[in-house]
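Visitor: I would like to go through the side-chain contacts of this protein. Can you take my questions one by one?

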Amino acid sequence: MFTLAEVASLNDIQPTYRILKPWWDVFMDYLAVVMLMVAIFAGTMQLTKDQVVCLPVLQSTVNPKVQPDTAGKADFTTVETTTVQEEASMRTVSFGTAPTVTPDIPLSRATSSQYQPTESDQERKKEQKDSSGRKTNLDFQQYVFINQMCYHLALPWYSKYFPYLVLIHTIILIVSSNFWFKYPKTCSKIEHFVSILGKCFESPWTTKALSETACEDSEENKQRLTGAQSLPKYVSTSSDEGSPSASTPMITKSGFKFSADKPMIEIPSVTILDKKDGEQAKALFEKVRKFRAHVEDSDLIYKLYVGQTVIKTVKFIFILCYTANFVNTISFEHICNPKVEHLIGYTQFECTHNMAYMLKKLLISYISLICVYGFICLYTLFWLFRIPLKEYSFEKVREESSFSDIPDVKNDFAFLLHMVDQYDQLYSKRFGVFLSEVSENKLRGISLNHEWTYEKLRQHVSRNAQDKQELHLFMLSGVPDAVFDLTDLDVLKLELIPEAKITAKISQMTNLQELHLYHCPAKVEQTAFSFLRDHLRCLHVKFTDVAEIPAWVYLLKTLRELYLIGNLNSENNKMIGLESLRELRHLKILHVKSNLTKIPPNITDVAPHLTKLVIHNDGTKLVVLNSLKKMTNVAELELQNCELERIPHAIFSLSNLQELDLKSNSIRTIEEIISFQHLKRLTCLKLWHNKIVSIPSSITHVKNLESLYLSNNKLETLPPAVFSLQKLRCLDVSYNSIAVIPVEIGFLQNLQHFHITGNKVDVLPKQLFKCVKLRTLSLGQNCITSIPDKVSQLLQLTYLELKGNCLDRLPATLGQCQLLRKSGLVVEDHLFDTLPSEVKEVLNQDTGIPFANGI
């Protein structure tokens with residue numbers, strides 16, 4: 001027998017698991033306990049009471065024969081009489097040498113054998129016979145022996161083993177009910193779920209979030225009743241609410257739609273969430289996210305629960321079928337034929353099963369319990385298949401709260417939530433708070449505002465190169481509210497802040513004119529958008545995919561400068577259109593740093609407004625440039641790193657072009673430069689970082705050139721045609737292979753900046769110093785052996801680079817260059833020391849740096 005403690009441990013489920021046991025499982029557990037008690041009670045009764053009691057059935061005839069033992073060890077003789085009158089004496093029963101046993105016989109029977117009784121005597125004797133019953137010749141040991149034999153032979157097996165069957169069946173039902181809590185592949189998931197659910201239910205953040213929801217609902221009802229105007233709404237930027245998806249063009253022609261989230265309402269803090277509670281809530285959000293990803297992959301828990309319910313139902317049907325057939329086999333009387341007449345002297349016995357009455361009552365009770373148990377199993381199956389339990393919707397929670405983004409779940413996650421709902425639906429409602437991104441963002445916002453106070457943000461404000469106040473926020477969970485209190489801020493940079501939200505408080509930042517969004521698809525409220533639309537002048541957007549560009553960017557009507565940096569030519573964005581930029585009516589500068597293979601044909605929608613177009617490719621070859629022909633108002637054009645091999649013909653149609661930059665391409669020849677003569681306003685030509693071998697003489701036709709950049713090419717000579725450009729102010733031919741500076745350089749009377757660093761020049765022509773307007777002269781990293789004294793003619797010289805040459809000394813006439821200072825003289829230390837002390841003093845004026853240190 002099992003002890004009660006051992007059996008009870010099979011149903012020992014942790015108290016925390018009760019939330020996963022619906023009412024039918026709890027009821028079946030109680031039924032199983034009652035059935036267990038029935039089994040234990042019946043088994044105890046059988047152990048403590050006699051099992052059967054048997055009496056021999058007396059024969060109506062005498063059997064005088066003696067049945068000897070087959071081994072010859074005992075003589076056995078029994079004489080039976082049918083009437084008292086014939087009964088004269090009793091024979092003895094002998095077993096070997098044992099003494100004979102002769103029962104006592106009343107003397108009246110022995111002496112009155114010849115007496116003929118009267119009628120009254122016969123009646124009296126008959127009454128004595130009926131009251132005393134018939135006598136048998138069995139002793140106590142024989143009765144015990146026959147009782148044991150008849151218990152095994154005559155008593156039906158069901159009467160003997162009924163308690164044990166009930167016990168086994170009950171144990172199987174208990175195991176089946178709780179197997180899904182014990183099975184290794186499900187118990188770990190269940191344990192994690194119950195643990196997370198309990199923490200979510202008790203988390204202070206849950207209470208705060210739901211309390212704020214209640215406050216928001218009351219505020220909305222109040223606004224609805226009073227008929228007040230709606231508060232500012234969010235401008236949505238998600239891909240399904242306005243911004244393009246990955247499979248659509250950059251901006252669709254249908255324009256933009258602003259879908260409004262719930263109004264932003266200032267709600268008093270219902271509960272105070274300290275830092276520790278905030279960190280615990282953050283950890284819970286992460287646990288829920290990982291648990292969901294882990295559990296939603298399979299439906300093992302659901303299948304196991306269905307399987308064990310089916311097993312219990314089949315078990316119920318089996319028990320009911322075979323038990324009903326054995327109800328009548330439990331009876332009080334049984335006939336036993338043990339076939340031991342040679343030992344006992346009787347062939348048949350009538351036996352009484354002492355426990356028959358009690359067992360029959362217990363069996364009927366057991367059948368009743370099994371029937372109730374079976375009906376509950378059938379109800380469970382009906383519940384399992386009535387609704388799709390592998391899908392769970394938080395629709396009701398979304399309707400009752402402000403967390404409209406709680407996602408529906410599936411598979412085992414959904415099944416566990418359905419089970420929890422049978423216990424208490426409040427658990428699912430509070431658990432849903434940790435599935436909502438809105439809730440998580442609110443928590444992040446609270447933690448963020450605790451950490452980033454106004455004082456801390458003020459410490460991060462710096463001055464940029466344009467002497468503007470700039471704040472750069474990097475990898476935060478959101479935008480702190482205190483940012484909008486920095487009213488004197490000029491530039492705001494937000495980088496890697498995926499949940500950035502710009503609230504209406506930005507309208508306080510009246511000095512803000514430049515905004516940077518680096519991998520930051522920011523959302524703005526309607527009021528904030530109105531402010532940005534009227535005040536923002538410069539916007540930088542850096543992205544990985546075009547869908548990250550906020551939709552409201554294309555509606556900033558007063559925007560002057562737009563910088564787009566990211567992948568615009570991926571497989572997801574094969575057709576790129578910028579037609580939505582037509583709303584940017586005041587856009588002057590468009591800077592695109594991407595990997596374009598062609599200029600978007602619809603860029604002409606903004607062409608009338610643009611004055612500067614910059615396209616920086618990452619080395620992808622820019623093939624189609626026909627769209628440039630329509631950009632007649634562009635004054636500055638940059639096509640950098642576009643793998644161009646020749647100067648594009650489309651450029652020659654830009655009649656208003658003033659500056660052209662073709663940096664870092666693969667241009668080898670510039671014979672097309674003659675066509676620049678049609679560009680009357682072209683003053684700056686940058687062909688640096690290419691593969692140009694020679695400059696054609698046709699460059700003389702570009703008479704208005706003021707700046708010519710040809711550095712980092714493969715030039716070996718400078719043709720005289722270059723020096724016919726009388727308006728040239730800046731000439732940069734650094735890092736080529738030029739060996740001689742032509743004497744014609746003296747014709748450039750307006751030359752102010754001459755850079756020939758990194759070449760092979762060894763002699764400086766005297767005509768160079770006729771360019772008296774020179775302010776910058778870069779002669780470093782050449783083979784120059786001496787500097788003529790005529791350098792003193794360069795009275796406006798402020799920067800002179802001589803480092804990396806073969807000089808022995810510096811001319812003392814450097815002191816006559818009135819604007820040259822030591823900070824603008826780039827030369828080796830030992831060469832600077834060769835100058836006279838009075839020259840050093842002149843060069844070192846207003847610097848405060850000892851000249852011995854050199855440069």
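Guide: The turns below cover ring pairs, charges over rings, annotated spans and salt bridges in this predicted model.

Visitor: How many aromatic pairs does a search of the whole structure find?
Guide: A pair of aromatic rings is described by the distance of the centres and the angle of the planes. Centres must lie within 6.5 Å to pair. Searching the whole structure gives a total of 23 aromatic pairs.

Visitor: What geometry do tryptophan 24 and tyrosine 379 have as an aromatic pair?
Guide: Their ring centres are 5.7 Å apart, and the planes make an angle of 65°. Angles over 60 degrees count as edge-to-face. The pair is therefore edge-to-face.

Visitor: How many residues apart in sequence are the parts tied together by tryptophan 24 and tyrosine 379?
Guide: Tryptophan 24 belongs to helix H2, residues 23-48. Tyrosine 379 belongs to helix H12, residues 356-386. Because the partners sit in these two helices, the pair ties together parts separated in sequence by 355 residues.

Visitor: Is tryptophan 24 buried or exposed?
Guide: Its relative accessible area is 0%. Buried means under 20%. So tryptophan 24 is buried.

Visitor: Which class does tyrosine 379 fall into at 35% relative accessibility?
Guide: Under 20% would be buried, and over 50% exposed. Tyrosine 379 has 35%, so this residue counts as partly exposed.

Visitor: What kind of pair do phenylalanine 652 and phenylalanine 676 form?
Guide: Phenylalanine 652 is in the loop between strands S17 and S18, and phenylalanine 676 is in the loop between S18 and S19. Both residues are buried. The ring centres are 5.2 Å apart with the planes at 75°, so the pair is edge-to-face.

Visitor: Which residues do ring pairs link into a cluster?
Guide: Here ring pairs join up into a cluster. Its members are Trp180, Phe181, Tyr302, Tyr305 and Phe415.

Visitor: At what distance from the ring centre does lysine 456 lie over the face of tryptophan 452?
Guide: A charge over a ring must be within 6 Å of the ring centre. Lysine 456 meets this over tryptophan 452, at 4.2 Å.

Visitor: With which residue does lysine 456 form a salt bridge?
Guide: Side chains of opposite charge can pair when their charged atoms come close. Lysine 456 is partly exposed, with a relative accessible area of 26%. Its partner is partly exposed too, at 48%. With the closest N and O atoms 3.7 Å apart, that partner is glutamate 451.

Visitor: What is the helix content of residues 363-385?
Guide: UniProt, in an unreviewed entry, places a "transmembrane region" at residues 363-385, among other spans. In the model, the end C-alpha atoms of this span lie 33 Å apart. Strand makes up 0%, and helix 100%.

Visitor: How many residues apart in sequence are the parts tied by glutamate 645 and lysine 621?
Guide: These two form a salt bridge, with the closest N and O atoms 3.9 Å apart. Glutamate 645 lies in the loop between S17 and S18, and lysine 621 in the loop between S16 and S17. The pair therefore ties together parts whose separation in sequence is 24 residues.

Visitor: Which strands hold glutamate 659 and lysine 686?
Guide: Their side chains meet in a salt bridge, 3.4 Å from N to O. Lysine 686 is buried, at 15% relative accessible area. The partners are 27 residues apart, with glutamate 659 in strand S18 and lysine 686 in strand S19.

Terms used. Residues numbered from 1 in each chain as written. Predicted model: local features only at pLDDT ≥ 70, side-chain atom pairs only at ≥ 80, totals over all residues. Heavy atoms only, no water. Phe/Tyr/Trp six-rings, centres within 6.5 Å; stacked < 30°, edge-to-face > 60°. Helix = DSSP H or I, 4+ residues; strand = E, 2+ residues; numbered from the N terminus. Buried < 20%, exposed > 50% of the residue type's maximum accessible area, 1.4 Å probe, protein only. Lys NZ or Arg CZ within 6 Å of the ring centre and 35° of its normal. UniProt positions renumbered as here; feature names shortened; annotations may be inferred. Salt bridge = Lys/Arg side-chain N within 4 Å of Asp/Glu carboxyl O.
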